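Please walk me through this structure. Start with what counts as a contact, then go through the fold, the core and the interface.

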Amino acid sequence: MLRVTGLTKSYRSAGEDVAVLRGVDLTVATGESVALSGESGSGKSTLLHLIAGLDAADSGEIALADLIVSGLNDAGRAELRRDRLGLVFQQFNLIPSLTVADNLVFQSRIAGRHDAAWHDELVERLGLKNLLRRYPEQLSGGQQQRVAIGRALAPKPLLLLADEPTGNLDEDTADEVLRLARDLVVRTGCGFLMVTHSARLAATLDRQVTLHAGVVA
Amino acid sequence: MRRPLWILAVLLSHWRRHPMQLATLLIGLISATALWSGVQALNQQARTAYDRAAATFGGARTAVLVGKDSATFPQQLFVDLRRAGWPVSPMLEGRVQIDGRSFRLLGVEPVTLPSEVGNAPAVGRGRLQSFVTPPGEMLVAPETLRDLGLKDGDRPQANGLTLPPLRVQAELAPGALIVDIGIAQDILKLPGQLSRLLVGKSKAPHATLESVAGDKLRLVEPSAESDLERLTDSFHLNLTAFGLLSFFVGLFIVNSAIGLAFEQRLPMLRTLRACGVSARMLNTVLVIELVSLALVAGLIGLVCGYFIAAALLPDVAASLRGLYGAQIPGQLSLKPVWWFAGIAISILGALAAAAASLAKAIRMPVLATAQPQAWQQAQRRWLMLQSAAALAVFAVAAALIQFGDSLITGFAVLAALMLGAALILPMILQIALALGQRSARAPVGIWFWADSRQQLSGLSLALMALLLALAVNVGVGTMVESFSRTFLVWLDGRLAADVYISAASDQQAKEIKAWLRDRPEVQAILPGGRADTQLGGTPIEVLGLPDHTTYRDNWPLLESTANAWVRLRPGDAGLVSEQLSRRMKLAIGDHIEVPAPGGSWLLEIVGIYADYGNPKGQIAVNFAALTRHFPQTPLTRIGLRVEPDKIAPLITALQEKFGLDDRNVADQATMKRESKRVFNRTFSVTAALNAFTLGVAGIALLTSLLTLANSRLPQLAPLWAIGLTRRRLAALELLKTMAVALITALFALPLGLLVAWCLLAIVNVKAFGWRLPFHVFPLQLIELLAVAMAAALCAAALPVARLARMQPATLIRTFVNER
């Protein structure tokens, strides 16, 4: 479903070009969950951002199902994120002025794919029933991340991308959040690509990919 | 369609969670729109009144033929011109005294009146007969009728005659009396004479003017502006400048609120982008949100503007009457265009204030992290550019002072000074705070100055608003105070007689004078008179002064030849008012030809006198000479020198004997009191606008401090963590605000004095024709400094009190939940 071929990306830093990705090849099949690991600066987050259309690659190709992501303009990339992807960040990135209920439905509403039954199931499975009227600042880190996962999965994306989703959580909460995410991914049948530093958490996914110095090791 | 609504709902949710920020934004927009629209409403009201006055038989908007060198000319010229195909209509103008008060009498000939004269009195066919046949009709505006205390159909007395019955005509300008030309010739005792001929726009061929009238008549082309419009331009420019200043100060508030909201919403905007909202869609919705808010604020602002205008209208009307003799109705009536313009200005203002934030949103990369400090760093780079721009603007101001010579130049100098000062203010504050930091030794002291510098970028717009408001207050306050002081000294000299009488008619004046001659307490009877004529196409007054020591000793002259008063006696010399001398570039020794009924009157200028508050140019001549050259001059004005303790009984006796009321006879003290009251009222609108501007600047400071308060937590929390109490932090924050406000206020004082100098030396001279001496009033400056500090204290009080009472949990959150 996701096919990344020969992807390169470099940034200018202190007047020099620093190559972050030097030709990455990667695939994620439908229903497959993949952990992306590597040391700091290996390019994990950059790769995730490129797949999500948050940034543009220098060369190479990203294809999601029948769509060539790397050929899209800004509006096309926004449509991709809205209609086909779910994104979860380490910092949760919930909208602070919206309640949990509004945050949950936000992406599915703007994608025009709100499914009330699926929404109720998400609320149930994520244990958010009693938190719906609260604002993000009134939630713990684990609760916020559960809302973020719910928001990302509400429109039933093709692929869920998660960038260190448990980086701000303690071990027990991290395990709990990841278990919920995996269950829901299986339930929706979407692909799951997660960046993580934790070998323990990476081991719980179907496949592990390690990046080293900008290439798949 | 649903997608934008969802995004809009998300954006609006920010305001629900930050109501104070929303209030700030709305207050900024409301005050900007209200003050601007209020001033525009006043201008519109006045312009409508000028149009009404101008439309009273042409005014300056119709071409006219006037006598080449005399105030009137024979009616036969009208007949000759009509026969030669000229579409002319005769008119006779003069002044009549009714009940001791002077009115403008216009005699017209309704059959030949050109149609383009405008909303001239509708002397319809049904009324034509009664208008032109004796006793005729006298058309007046409703205000004039009210003023006279008479009703429709009444027949007042004037010049010993019973006037035609009064008839109300709504579209007439107040103060004008319209009669048939034949009746006017009888009333004014000018049989067979005309003042001017209105020229219609007929394209039919006709003979040249010279071939019909020789050199007896002169054609005055129509002007797009009426005399009143020209005269009052400076006043309205002044009002508009105040309105604009308040508008910009209001926009400072909006800019500060939107800027901070944008910084706070950056994570939200990024999240929206990450969730698939395109940059175009996001910006479109941001604009829709802003326009919706501006629409709401604009409507509220318009309602406030209406009330501001209604509250200020009596003062504005008093100012226009006092300064220019313009009559403005006291009832506010607004056109639909005012409402639309108000909404448009609110929306455009909001978009302009938000332009930088919107541009940032358009360029915002999805992955950029929120950097609340980044704009401050960018601001530092701008500081140098801003200062360079300020120096360039100051150079422009200097060049304008050196080479400019018009009212517009005067206002341009003022605008350049204010803009330059506002631009250079952040640099001045930066330098002052850096000096403070250098001199500090204790760690908290060093932090105090350093943090003040860091906070500066967020406060600089509000401080600029404070600077401008204070400078305008100092400038206008100094100008008014200088004017007031000069005016009072001048008034003492001008109102030299002890009692002033305005008789109902020449006959009554004769009887009064005869009676006064037998009163031992009357030391001198000083007859006076005034005639209207034109000089160089502009209306002027010729004032007759009796040859008496009262005038020689007291009448203030700015310049004169030796024995100027003696030189007036033969009637071939005159004194000119300062505004006339400036307008016509007249100097001592020059000669002028004054058009008079009997032919032109040659006068040598032997002196120049101040004549503050008179919109018309004036020439003072010997009274006897005036009555020779203007025989129709009403002789109803009389001044008296009376033993001081006999003034009150004499006035009572005069009132009883001749049936005069307080308007017809007054003592010097009453006249001075009345003049001072009119003077104070003339400037009360300025004082009100000053207070509004300062108030809005105070709100700008308050809103900036409130909006900054939240983003200040990451700076303050570490200090609290290492042992500074919340109360001490609050005190330091208050001190910081007061310190920057004080530096700003100290900078505003010299700037304000410079503004006052510009107003006195450039703007007043060009606008009114008089130059006033420049005085500095230290007490007034200290008072304003105190007001500025009080405004800063009020503005800082709320955020500081909040900080002092802040729960530790709120401060702790800064460490655990930084985003």
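Two residues are in contact if their C-beta atoms, placed from the backbone, lie within 7 Å. Keep that cut-off in mind for what follows. The model is predicted.

Take B:Leu468. Set aside its neighbours within four places in sequence, and B:Leu468 is in contact with B:Leu245, B:Val249, B:Met418 and B:Ala422.

B:Leu468 also belongs to the largest nonpolar core, which has 241 residues. Together with B:Ala465, B:Leu466, B:Leu467 and B:Ala471, B:Leu468 touches the most other members. Helix H13 of chain B, residues 443-494, gives the most to this core, with 22 residues. Another core lies apart from it and holds 42 residues. Among them are B:Val96, B:Val108, B:Leu163 and B:Ala173. In soluble globular proteins, nonpolar side chains tend to be buried together.

Now step back to chain B as a whole. Its secondary structure comes to 24 helices and 22 strands. Of the 819 residues in chain B, 46% are buried. Consider next the contacts in chain B between residues at least 6 apart in sequence. Of these, 83% join residues at least 24 apart.

Last comes the interface. Chain A and chain B each bring 23 residues to the contact. On the side of chain A that touches chain B, the elements giving two or more residues are helix H2 (74-83) and helix H3 (100-110) of chain A. H2(A) gives the most to that side, with seven residues. By type, the residues on this side of chain A divide into 10 nonpolar, six polar and seven charged.

Note on methods:
Residues numbered from 1 in each chain as written. Chains lettered and ligands numbered in written order. Predicted model: local features only at pLDDT ≥ 70, side-chain atom pairs only at ≥ 80, totals over all residues. Helix = DSSP H or I, 4+ residues; strand = E, 2+ residues; numbered from the N terminus. Nonpolar A, V, L, I, M, F, W, Y, C, P; charged D, E, K, R; others polar. Core = buried A, V, L, I, M, F, W, Y, C linked by C-beta atoms within 7 Å. Buried ≥ 20, exposed ≤ 12 C-beta atoms within 10 Å, placed from the backbone.
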